[in-house]
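Work through the exercises below with the sequence and the model on screen. Try each task before you read its solution.

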Amino acid sequence: MTTWIRKASTLGIAAFFGFAIAIAINAVAERPGANEVDVPLDLLRTYSDVLDRVRSDYVDDISEAELIENSIRGMISELDPHSGYLDQEEFKSLRESTSGEFGGLGIQVGIKDGVLTVIAPIDDTPAKEAGLEAGDKIIRIDGELTQDLDLEKAVKKMRGKPGTDIDLTIAREGENKPLEFTITRAVIKTESVRHELLEPGMGYIRVSQFQSRTVEQMLEALDELVKENDGEALKGLVLDLRNNPGGVLQGSVEMVDAFLEEGQIVYTKGRIADAKMSFEASTGDRLDGAPIVVMVNGGSASASEIVAGALQDSNRALIVGEKTFGKGSVQSIMPLSDGGALRLTTARYYTPDGRSIQAEGIEPDVTVHQLKVSSIEDAFSISEASLSGHLSNGQSEMMDVIRQAEEGEGDDEEKEPLVIRDYQLYESLNLLKGMVIVSRNTRR
């Protein structure tokens, strides 16, 4: 190939591509059933003519290598928003992002309705702390309009040296004018799994994205929750996949498998044999049938939708929250000889009941929107102590002093009532409690 490129510089790029086209035609003709293949010769010749005209007449001097790479990018970007050509640097960034450490802002982005859109900000990153939200439309990056940027170039512009600033102009639903954000880049080190014991027996696991070690970390979190529950098995679990943009497909399959005894998890369909896959659950439920609530929203995409869809179809979990993003396609990463890679959509995936999530998303079983409750006590709590001139019981003031000494003043976010801290989680916990009661009564 290197020899061909050298020849192209001397023969002229159009002549070179004419030569390459002739070879391609001969190769096609030698294939079995070649007379059934309709080779668009006129379009191939037009392509080489355009390439040569741009090279010779365009206002700026552009190398043949750059023209060829741009034509590859254009070809792939016109297929769908998730396919793309990755040069060496972009391929390296992709590998880093799935391993759990990379530089940038900490947002997962995609093209939705032709606009660069935030799928989800990643927990504990500059983007999340700055206030970016799932569904935000990125209009400008450092003053440059994004309408002419493909996904790979947009991501490349947002990444940079840690400690440097980037300006984003955002259009957000419900806001009557664009929002301006200045965010400082950082080395993004993400722990994709966090856990908490909400109440005795009621576990909570937050999965922010699917990386190579995500399921391993989730299983470790389940063990930790049992320890925090005085060694007793959990009565129920809230699995939080809100603003989880997806990631490694195998991670989502293994996560579902951890909670199913049997049955199909997901299957894919594409044109080639390798794109047709089916994943089945193996024996063993880490929760031994205890109820599960899965939380989702508009930032839940791809692998997180596989988890939600599989657990919903198998009646293993109740899905709570808001409709998911709707990314139901599979991208295969194909390394190229130059050190780059091709990210190509090769299949659509389907839930066990045959639902295609692509552009549809997962509808929750119970819709719960995120509300901000500022003071639940003042709004709803009425008791004897609320009445003017009520009698004291003689102990309340002392008990208040003891309680404050033991618990602190409550200024820590973790000590806020759950209904104020996270309304969707509060409602999910209530639903989980109801499922536990029903499950217990059913076994009697």
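Buried means under 20% relative accessible area, exposed over 50%, and partly exposed in between, with a 1.4 Å probe and protein chains only. This is a predicted model, in which local features need pLDDT of at least 70, side-chain atom pairs count only at pLDDT 80 or more, and totals for chains, interfaces and linings use all residues. Residues are numbered from 1 along each chain as its sequence is written, and side-chain values use heavy atoms, with hydrogens and water left out.

**Exercise 1. Positive phi**

Task: Find where Asp113 lies, and decide whether Asp113 is buried or exposed.

Solution: Start with the general rule. Most residues other than glycine have a negative phi. Asp113 is not a glycine, yet its phi is positive, about 55°. Next, place the residue. Asp113 sits in the loop between β3 (107-112) and β4 (115-121). Strands (E, at least two residues) and helices (H or I, at least four) are DSSP runs, numbered from the N terminus. Last, check the cover. Asp113 has a relative accessible area of 72%, so Asp113 is exposed.

Now take Asn243. Asn243 also has a positive phi of about 55°. Its place is the loop between β12 (236-240) and α9 (249-257). With a relative accessible area of 13%, Asn243 is buried.

**Exercise 2. Salt bridges**

Task: How many salt bridges does a search of the whole structure find? Then describe three of the pairs.

Solution: Begin with the rule. A salt bridge is a side-chain nitrogen of Lys or Arg within 4 Å of a carboxyl oxygen of Asp or Glu. The search finds 24 salt bridges.

- Pair one: Arg55 bridges to Glu64, with the closest N and O atoms 2.6 Å apart. Arg55 is partly exposed at 29%. Glu64 is partly exposed at 22%.
- Pair two: Glu133 bridges to Arg172, with the closest N and O atoms 3.5 Å apart. Glu133 lies in the loop between α6 (126-130) and β5 (137-141), and Arg172 in the loop between β7 (165-171) and β8 (179-184), so the pair ties together parts 39 residues apart in sequence. Glu133 is partly exposed at 40%, whereas Arg172 is buried at 15%.
- Pair three: Arg355 bridges to Asp313, with the closest N and O atoms 2.6 Å apart. The pair links distant parts of the chain, 42 residues apart: Arg355 is in the loop between β18 (341-350) and β19 (366-367), and Asp313 is in helix α10 (residues 303-313). Arg355 is partly exposed at 30%, but Asp313 is buried at 14%.

One network remains. Salt bridges that share partners join Asp123, Arg194, Arg206, Asp240, Arg242 and Asp422.

**Exercise 3. Aromatic pairs**

Task: How many aromatic pairs does the structure hold? Describe one of them.

Solution: Rings of Phe, Tyr and Trp (its six-membered ring) pair if their centres lie within 6.5 Å; planes under 30 degrees apart count as stacked, over 60 as edge-to-face and the rest as tilted. The structure holds 2 such pairs. One of them joins Tyr267 and Tyr350: the centres are 5.3 Å apart, the planes meet at 15°, and the pair is stacked. Tyr267 lies in strand β13 (residues 264-269) and Tyr350 in strand β18, so the pair ties together parts 83 residues apart in sequence. Tyr350 is buried at 14% relative accessible area.

**Exercise 4. Far in sequence**

Task: What separates Glu90 and Lys156 in sequence and in space?

Solution: Place Glu90 in helix α5 (residues 88-99). Glu90 is buried at 8%. Glu90 and Lys156 are 66 residues apart in sequence and 7.3 Å apart in space, C-alpha to C-alpha.
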